[in-house]
Every structure is written in C-alpha cells, then in structure tokens.
Amino acid sequence: MENADNTISENHTYAKIFSAKTADQFKERIQHYLLSFQGRDPMRAGQRDVYKALSYALRDVLVEKWIETQKNFYVKKSKRVYYLSLEFLIGRSLGNTLINTGVLNEASKALEQLGYDLEGIREVEEDAGLGNGGLGRLAACFMDSIATLKIPAYGYGIRYEYGLFFQKLINGYQVETPDNWLRFGSPWEFERSSYLFPVHFYGKVYSYLDKNGIYRSEWVDTEDVMAMACDILVPGFNNSHVINMRLWTAKASRELDLNVFNTGDYIHAVQGKVISETISKVLYPSDEIKEGQELRLKQQYFFVAATFQDILRRYKKKNVSFDQFSNQIAVQLNDTHPAIAIPELMRILIDIEGLSWEKAWDISIKTFAYTNHTLMPEALETWPVDLIGRVLPRHLQIIYEINQRFLDQVAQKYPGDIGKMRDMSIIEEGETKRVRMAYLAVIGSHSVNGVAELHTHLLKTKIFQNFHEFYPGKFNNKTNGITPRRWLLKCNPGLADLISKKIGYDWVTNLEELKKLEKFSGDAVFQRKWRAVKLENKKRLCRIINEVCGIKVNPDTMFDVQVKRIHEYKRQLLNALHVISLYQRILNNPDYFFPSRTVIFAGKAAPSYGKAKLIIKLINSIADVINNDPRVGEKLKVVFIPNYNVSLAEKIIPAADLSEQISTAGTEASGTGNMKLALNGALTIGTLDGANIEILEEVGRDNIFIFGLTSEEAEYEKYHKSRTPMSIYEKNCEIKNIVDSIHDGFFSYGDCKLFRPLVDDLMNENDPYLLLLDLESYITCQEKIGLVFRDKKTWTEKSILNVARMGKFSSDRTIREYAKDIWGIKDI
C-alpha cells in the first residue's frame with residue numbers, strides 16, 4: 001500500500017500525459033542538464049544538482065504544453081481570466097509537477113538508476129517565498145484547479161526575492177531571519193526579459209483641453225521602475241493544459257549613473273538601482289513606519305501597472321477598439337491589495353486611449369470582480385490620501401472623481417442623508433484623510449464575493465451593509481476550496497492509495513466520488529488499514545519533531561493540531577489554556593485518566609505583532625514546563641514546530657487526529673486549514689465560524705465537535721456582557737487556577753510581568769476575542785473528544801465519514817462557480 005519513503009506505490013495507475021518519457025529518457029535528460037546547464041560531472045553531482053537537472057527536464061515538457069495551450073487560446077478566441085494576487089503560496093513545485101503530469105514513477109526509477117532517492121531530492125527544494133498564509137495558499141489551489149479545468153487564465157503577482165521571514169525559536173521567542181528562498185536560484189522560472197514594462201511613480205499631473213475641447217490629463221515628470229516578467233508554469237492534472245503565473249520583478253530604469261560614478265561617488269552612482277529594485281525584494285515590508293507603508297503601496301501599484309500593460313499588449317493583438325474588452329477579459333481582485341487596478345485601468349482608457357469617462361467606467365465595472373477575504377477591520381486596507389497623492393497623483397484624482405460620481409448617486413437615492421454619504425464615501429474623513437480601498441473595490445466591480453456562507457452573510461449585514469442595499473445582487477458567495485491533488489494525493493499518498501484501491505481514482509478530479517467511502521466506514525478490515533496509514537504518517541512526523549525540536553513524542557497519542565498564522569482571533573491562546581487545564585488535572589490527580597495527547601502548534605506571527613509573538617513565547621514556556629515534568633511522562637506533550645510553511649503542512653496535516661478551528665465566531669472569513677485537515681481524516685473541534693459551519697452541514701453533527709458562542713451570541717456579549725471574564729474567573733475554580741498559574745509566573749520562572757499583558761487581556765471585560773467566555777465550553781468539548789478517542793472503532797468511523805463527505809470543499813467546485821457566475825466562462 002505505501003512504500004517506506006512515503007511515495008505513491010507502483011500500483012498507482014493514473015493515466016500519463018507524457019507517457020513517451022520513459023525512465024531511461026528521464027535519466028538521459030538529467031545527465032544532459034547536469035553537464036550542459038550546470039557544468040557538473042554526473043558521477044559527482046550532489047542532490048541539489050540532480051534536483052535542478054530533473055526540474056529542468058520537467059520544465060522542458062511543461063513549456064511545450066504551455067505553448068500549445070496558449071495557441072489554443074488564440075484559435076478559440078477564448079475569454080481570458082486574469083487573477084491578480086499579491087500572494088501565491090505555491091510551496092514546492094517538483095512533487096506537484098511529477099504527480100500532475102503522471103510521470104512520478106518514471107522519474108523515481110530514473111533517479112534510482114543514477115543512485116538517488118526521489119524523496120531526498122524533493123527535500124532539497126526550497127518553498128517558494130511568494131506568500132504568507134491562507135490568501136496565498138488559496139490562490140495557489142485556484143491555479144491548480146484552473147489548469148485542471150482547462151480555463152484560459154493567468155495568475156499575476158510579484159516575484160519576491162525574500163519571503164515573509166524564516167522563523168527561528170530562540171529561548172521560546174520568535175526570531176525572524178531572512179527567507180532568501182532564491183539563494184540557489186529556481187529552475188522553475190522563465191525570465192522574460194522581452195516583457196519589460198515601465199512603471200511610473202511620483203511626478204505631477206498636467207491638465208489641458210485637447211483640440212476637441214475635451215478635458216485631458218497627462219502624468220509627467222515621473223520616476224520610473226522597469227517590471228520584468230518571470231513565468232512559473234502550472235500543469236493541470238492528467239491533461240495537456242499548462243498555464244502560467246506571471247510574476248513581476250523590479251529592475252532599475254538604468255543600472256548606473258555614469259556621471260556620478262565618474263566623480264568617484266560609487267555608492268550614489270548605483271543608489272537609484274538599489275531603491276528601484278527594492279520594490280520586489282520582500283513580501284509585506286513592515287507598515288509600522290511610513291517608509292514601509294510607501295513601499296507596500298508601490299508594490300501594489302507596481303504589479304498592477306505591469307499587469308495591465310501586459311493585458312493590453314495581448315488584447316491589442318486582435319482588437320483595434322475597446323468595444324470587446326470586457327467580453328474578452330475578466331479580472332479577479334484577490335482581496336483589496338490589487339484594488340488600485342481600478343483607477344489604473346481608468347487612467348489608461350481615459351488618458352492614453354482617449355475614451356470618455358462614461359465608456360471607460362462601463363468597461364471597468366464589467367471587467368473587475370472583487371473577492372473579500374476578511375472580517376477584521378484592520379485588514380480592510382486604507383491608505384493616507386497624502387501618500388497616494390504623492391506617489392500616484394493621477395490615481396488620486398481619478399479616485400476622487402469615482403467617489404464624487406458615486407456619492408451623487410447615493411445622494412439621489414438617499415436625499416439629505418449626510419450620514420449615509422459619509423459612511424459610504426471612498427474617502428474616510430478624519431484627522432488624516434484615508435482612501436478606503438475595499439470601498440473602491442466594491443464600487444468599481446460588477447461582483448463582490450465572500451468566501452463562506454457566514455462570511456458573505458456578515459459582509460451583507462455588517463461590513464458592507466450599505467453597499468449591499470445600494471447594489472442588490474452584486475454580493476454573492478463562493479465558498480473556498482482546496483485542491484485534492486496537493487492536499488490528499490500528494491501529501492498523503494498512503495491514504496490516497498487506500499482510498500483509490502477501494503473506490504477508484506475518479507475522486508482526484510471529482511471529489512464528490514469520496515462519498516463512496518461511506519459504506520466502508522464501519523468495515524473492520526478497512527478501519528484497520530485506515531488506522532495503519534494514520535500511524536505511519538504520525539511516525540514520520542515524530543521523526544521530524546525529534547529532529548527539529550529535540551522532543552520525542554509517542555505516535556500512539558492523540559495528535560491535537562493547530563497550525564495557522566498566529567493571531568489573537570485564531571485563539572491559539574485558548575488552546576494553550578486548555579493545555580494548562582490538562583496539566584493541572586494530571587498534577588492534582590495522578591490517577592486521572594484521559595487519552596495521552598500531543599498538542600502540536602505551528603505558525604508565524606507578523607514581525608510587528610507583539611501580542612501574537614508573546615503568545616508564541618507562552619506556548620513554548622508551557623511546553624518547556626510540561627515536557628520536562630517527570631510526573632507527566634507521555635500523558636501530555638506540547639510542541640511548537642518552527643517555520644511553518646507549505647512543505648511542513650504537508651507532513652503535519654496527514655498525521656493529525658484532531659483539528660483545532662477555534663476562532664471567535666464571526667471573525668474567520670472561511671479558513672482552508674479546516675478543509676485540509678478534515679480531508680486527511682482529522683476530526684474537527686471548532687466554533688460556528690467561517691467554513692466550519694458548512695463542514696458541519698456536510699459531515700453531520702455527530703462527526704464534528706462544536707463548542708462556544710455563535711456569531712450572534714458573540715456580538716451580543718461584546719455589547720451587553722451578560723457574563724464577564726471576572727465573573728467566570730470567580731465562579732469556576734479550574735479557570736481561576738489556569739489564569740493564576742500564568743499570572744503568578746509558574747510558566748516564566750516566577751517572572752510575574754512577562755505574560756501580564758495576556759492575563760490582562762483575558763480578564764478584560766472588553767476582550768474582543770471572548771476567550772474566557774468560550775473556555776468552559778471548550779474544556780467540556782475536549783473532555784468529550786477524549787472519551788470518543790478512546791473508542792478506536794467509533795473514532796475511525798467518524799474519520800472515514802469526514803473524508804467521505806468533503807466533496808464540496810474542492811477548489812475545482814469553487815473555480816467552476818467563479819467561472820460560471822462571475823467570469824462568464826461557459827465551456828468547462
């Protein structure tokens with residue numbers, strides 16, 4: 001069923017696109033690239049050399065199919081979709097390419113003939129530092145589904161030289177070091193130096209009347225940066241369709257100021273180059289300082305401006321007017337980051353192409369669609385008016401014009417309602433005027449979608465209530481999904497093989513096929529095999545934990561997993577409080593029995609997010625105490641695995657027994673980690689938040705563990721406070737002891753000040769995340785989980801049913817809905 005190296009077995013029978021590529025041919029190509037591209041003796045090459053050579057061999061095949069795909073777009077005169085995202089968290093490409101092209105076994109045999117192991121070669125590859133969290137990972141899943149469904153589309157973003165950061169844990173604290181993921185180069189890229197576009201910043205606007213008496217504007221005296229295209233190819237699964245992500249890298253408009261150089265001022269001679277190329281250096285520069293804010297804005301405009309020059313280059317090959325623009329082009333804005341694209345397209349159409357405002361606006365509205373990904377107010381991006389006016393002066397003028405024309409419509413619909421106009425204005429008044437980019441995206445798009453049913457409901461009734469009433473029918477839901485190719489077939493080959501031998505392989509492209517597993521959920525033999533796969537995955541993770549963290553854990557314990565970005569609303573702190581409760585129960589009653597548990601955390605906190613970083617420190621301090629207490633033994637272990645990324649997720653998720661999805665109800669837009677874990681057989685403990693609600697609907701209440709306040713109850717408590725943290729603290733001795741242990745410095749060597757900010761937040765009656773209000777329910781739910789886990793038959797049956805009922809959560813389904821309802825792509 002499963003090989004020792006955890007690769008897909010020889011019995012794997014997926015059709016192969018490139019069946020002509022035999023193991024011998026792969027061997028020849030690998031040797032060729034070792035010699036010709038890398039100048040290495042094949043007999044002395046190292047693993048990194050072989051990884052690159054194999055990747056080049058695969059890239060050759062991909063580019064042939066990509067050229068065929070592009071030609072087919074032109075022959076069919078296909079409408080093109082442009083997916084604009086500041087993040088594409090693609091992880092590693094080698095394994096995914098081998099699986100999607102169906103040549104994994106051939107490549108594995110070729111490597112064996114050369115004396116190498118495929119798994120060892122795969123581990124050499126760096127995770128691409130092109131994203132941070134769920135937003136970027138969703139975009140990557142969408143690219144896989146778009147390619148698999150043969151949709152004519154492109155992903156556009158930035159080729160960051162450095163990712164967010166490489167996370168180290170030193171004395172329990174998160175320490176950020178540079179994530180230089182490109183230090184060895186990437187064999188998957190094609191640098192397109194022929195696609196080099198100028199991007200303008202600063203300058204001033206010159207306005208005049210043209211010869212026809214029409215008001216015109218020209219953006220002049222700008223500072224220019226060049227955007228160079230880098231393509232990464234994305235193959236569909238088991239088809240010949242290959243699309244590309246086009247990522248932009250910043251280049252100086254000139255490498256060297258020779259006049260300055262000749263005066264001997266060598267540093268200033270290259271200063272312009274350094275400043276220009278900073279734009280694509282780092283993912284999410286800190287916005288705590290004004291220079292960081294300006295760089296973020298420049299990043300957003302940089303990739304948008306380059307993208308639209310590329311879109312227009314392609315459109316003008318076959319069109320001489322803009323009459324068909326919105327019929328041939330659909331642009332999806334992945335969150336607010338690319339929203340500056342709306343005034344950019346208007347600038348192009350009006351200032352450069354000479355269209356009237358009315359025609360340009362009609363085209364723009366029909367072209368753009370906007371996906372909102374957050375309910376957190378701080379994530380609804382705003383920019384100071386002064387900053388936009390200085391960096392992008394023409395765009396600020398256009399934004400003001402869009403706003404004025406929109407407010408005229410608001411005034412017409414709501415005469416005399418100044419409050420309504422103020423609340424709906426793109427410009428937020430205050431001590432510092434700001435541009436509300438989410439409002440710009442809503443007004444400038446023909447479709448606005450949320451990413452889970454609850455999220456969309458809250459957008460309509462709270463975040464964008466005025467806009468929903470003003471634009472009936474514009475708001476819609478597209479529940480997120482994940483690609484089963486990476487998140488089951490690739491990351492969990494043992495389970496994929498077991499499933500496929502039982503129900504066939506069609507589930508890989510039609511996840512609803514997993515329903516066929518339901519009838520085997522109670523089968524004793526099938527359950528035994530199911531548990532065996534899980535145990536092997538847990539053993540693999542045990543080895544990683546021991547290697548990375550120096551902690552030995554027992555694979556027979558319950559693996560209780562919370563892996564995600566560290567944020568107060570995601571409530572890793574709530575999980576930590578439960579861990580303390582388990583620890584105290586063990587100490588207070590050595591005979592207290594509950595299934596032994598290994599609690600696994602992973603995730604990064606934003607560098608400037610002090611509270612989240614303090615939570616990481618607390619978790620590690622709790623782990624340090626518990627893991628070194630001989631009274632606890634194997635009953636309880638706590639692990640924080642550093643530097644969480646896609647590749648690490650692919651190892652943790654298949655090993656999870658319990659999935660922690662415990663955000664405060666009404667704060668998580670959707671979540672996709674919940675889907676990945678459930679698809680790999682973990683049972684969920686969660687609040688009625690985000691996509692948890694839809695997972696509950698699909699798997700059934702008996703197969704998920706729900707606790708805590710609903711979003712309506714949470715909203716009520718924030719304002720009416722029927723219970724306060726202090727009242728709970730005073731009435732519940734267990735909760736009092738948990739809080740006191742942190743307050744009194746039990747986990748900080750007697751330092752009562754270290755975690756005081758967290759204790760103060762817990763006891764604050766205005767705690768927006770309602771931790772103590774949900775803690776009682778959470779602990780009770782965890783007790784129930786412990787009882788169920790002891791019954792292996794019942795737990796395994798629930799695990800199988802979770803996987804069987806995850807069909808809805810394929811990104812293939814999500815993309816079909818986008819294509820049909822938003823993009824106007826009919827032939828799928």
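**Entry 1, helix H24.** I began with helix H24, residues 610-627, and found that in this predicted model the helix lies across strands S18 and S19, running at about 145° to S19.

**Entry 2, the sheet beneath.** I then looked up the sheet to which these strands belong: six strands form an open sheet with parallel pairing, in the order S19-S18-S17-S20-S21-S22. I noted its edge strands as S19 (636-640) and S22 (705-706), each of which pairs on one side only. For the join between S18, which I have as residues 597-602, and S19, I recorded five bridges, the two strands running parallel, and I picked out Arg597, whose bridge partner in S19 is Leu636.

**Entry 3, helix H23.** I next turned to helix H23, residues 572-588, which packs on the sheet and touches S17 (558-563), S18, S19 and S20 (658-661). I noted that the direction of H23 makes about 155° with that of S18.

**Entry 4, Leu135.** I moved to another part of the chain and looked up Leu135, which lies in helix H6, residues 134-148. Is Leu135 buried or exposed? I entered Leu135 as buried, because its relative accessible area is 14%, which falls under the 20% cut-off. Setting aside its neighbours within four places in sequence, I listed the residues in contact with Leu135 as Glu87, Tyr284, Asn334, Asp335, His337 and His373. I also checked Leu135 against Gly807, which is 672 residues away along the chain, and found their C-alpha atoms separated by 21 Å.

Technical notes. Residues numbered from 1 in each chain as written. Predicted model: local features only at pLDDT ≥ 70, side-chain atom pairs only at ≥ 80, totals over all residues. Heavy atoms only, no water. Pairing = 2+ DSSP bridges. Contact = heavy atoms within 4.5 Å. Axes fitted to C-alpha atoms, helices over the stretch in contact; angles between N-to-C directions. Buried < 20%, exposed > 50% of the residue type's maximum accessible area, 1.4 Å probe, protein only.
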